[in-house]
Amino acid sequence: DTMERMISAAGRMRILINDLLSFSRVTTQAKPFAPVDLGSMITEVLSDLEARTRDTGGQIEVGQLPMIDADPMQMRQLFQNLISNGLKFHRPGIAPIIKITGVNGGPNCQLTITDNGIGFDEKYLDRIFTVFQRLHGRNEFEGTGIGLAICRKIVERHGGEITASSTPGGGSTFSVTLPTAQSKEEKP
């Protein structure tokens with residue numbers, strides 16, 4: 001029993017260290033901004049998440065998405081984290097439905113990722129984007145509480161903003177505003 005608990009704790013520690021490395025790499029291993037077709041990027045992410053989508057019976061609908069100047073790997077991680085959360089935090093017995101849309105509004109684009117999952121009380125909005133802050137115990141849902149903090153760090157590096165709206169049991173909508181073009185100077 002003691003060995004099993006030690007092995008389990010070591011596995012959780014490995015996942016935590018990998019997530020912390022991902023968080024720190026947002027700035028330490030950042031790539032230059034380049035034109036990124038977000039529609040193609042989503043297709044790649046959905047391919048990576050195909051098994052999880054199938055296992056949950058999930059359905060992901062993707063609208064027209066713009067081309068923006070961005071770090072391609074960070075955009076991939078941003079969408080992978082947000083879509084993975086939509087698949088993970090689904091209501092028992094109800095297949096997750098995730099809708100991804102984009103609107104290009106002049107100098108900025110507005111992206112929304114909406115799910116029909118468990119939702120959360122908006123009084124915890126600031127908490128969900130903070131490292132190690134979880135709204136659920138590790139026995140309920142896997143994860144370390146770093147994913148949305150990584151999302152916020154990526155969006156801020158790109159000069160954008162991320163927020164969410166939700167109701168318990170009513171799903172969540174994550175709104176990401178990003179500049180369509182970046183200045184030639186890198187953001188830290």
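Two strands are taken to pair if DSSP finds at least two bridges between them. In this predicted model, strand β5 (residues 108-115) and strand β7 (residues 172-179) satisfy that criterion, pairing in the antiparallel sense over eight bridges. Within this pairing, isoleucine 113 has phenylalanine 174 of β7 as its bridge partner. The two strands belong to an open sheet of five strands, arranged in the order β2-β4-β5-β7-β6 and with mixed pairing. The edges of the sheet are formed by β2 (59-62) and β6 (161-166), each of which pairs on one side only. When direction is ignored, neighbouring strands of the sheet are turned against each other by 15° on average.

Helix α4 (residues 72-88) packs on this sheet, where it touches β2, β4 (97-105), β5, β6 and β7, and the direction of α4 makes about 145° with that of β4.

Helix α4 also meets a second helix, α2 (residues 38-48); the axes of α2 and α4 come within 9 Å and cross at roughly 55°. Because angles from 35 to 65 degrees fall outside the parallel, antiparallel and perpendicular classes, α2 is described as oblique to α4. The crossing in which α2 passes α4 is right-handed. On the α2 side, the contact involves Leu38, Met41, Ile42, Glu44, Val45, Leu46 and Asp48, which meet Pro72, Met75, Arg76, Phe79, Gln80 and Ile83 of α4. Sorted by class, the residues of this contact comprise nine nonpolar, one polar and three charged.

Aspartate 115 lies in strand β5, and with a relative accessibility of 12% aspartate 115 counts as buried, because the cut-off for burial is under 20%. Apart from neighbours within four places in sequence, aspartate 115 is in contact with Gly86, Ile97, Ile98, Gly171 and Ser172. The C-alpha atoms of aspartate 115 and asparagine 85 are 9.1 Å apart in space, although the two residues are 30 residues apart in sequence.

A further group of buried residues is found in helix α6 (residues 147-157), namely Leu148, Ala149, Ile150, Cys151, Ile154, Val155 and Arg157. Just after α6, glycine 159 adopts a positive phi of about 75°.

Conventions: Residues are numbered from 1 along each chain as its sequence is written. This is a predicted model: local features need pLDDT of at least 70, side-chain atom pairs count only at pLDDT 80 or more; totals for chains, interfaces and linings use all residues. Side-chain values use heavy atoms; hydrogens and water are left out. Buried means under 20% relative accessible area, exposed over 50%, partly exposed in between (1.4 Å probe, protein chains only). Helices (H or I, at least four residues) and strands (E, at least two) are DSSP runs, numbered from the N terminus. Axes are lines fitted to C-alpha atoms, for helices over the stretch in contact, and angles run from 0 to 180 degrees between N-to-C directions. Contact means heavy atoms within 4.5 Å. Angles under 35 degrees count as roughly parallel, over 145 as roughly antiparallel, 65 to 115 as roughly perpendicular and the rest as oblique. A crossing is left-handed if the near helix is turned anticlockwise from the far one by less than a right angle, and right-handed if clockwise. Ala, Val, Leu, Ile, Met, Phe, Trp, Tyr, Cys and Pro count as nonpolar, Asp, Glu, Lys and Arg as charged, and the others, Gly among them, as polar.
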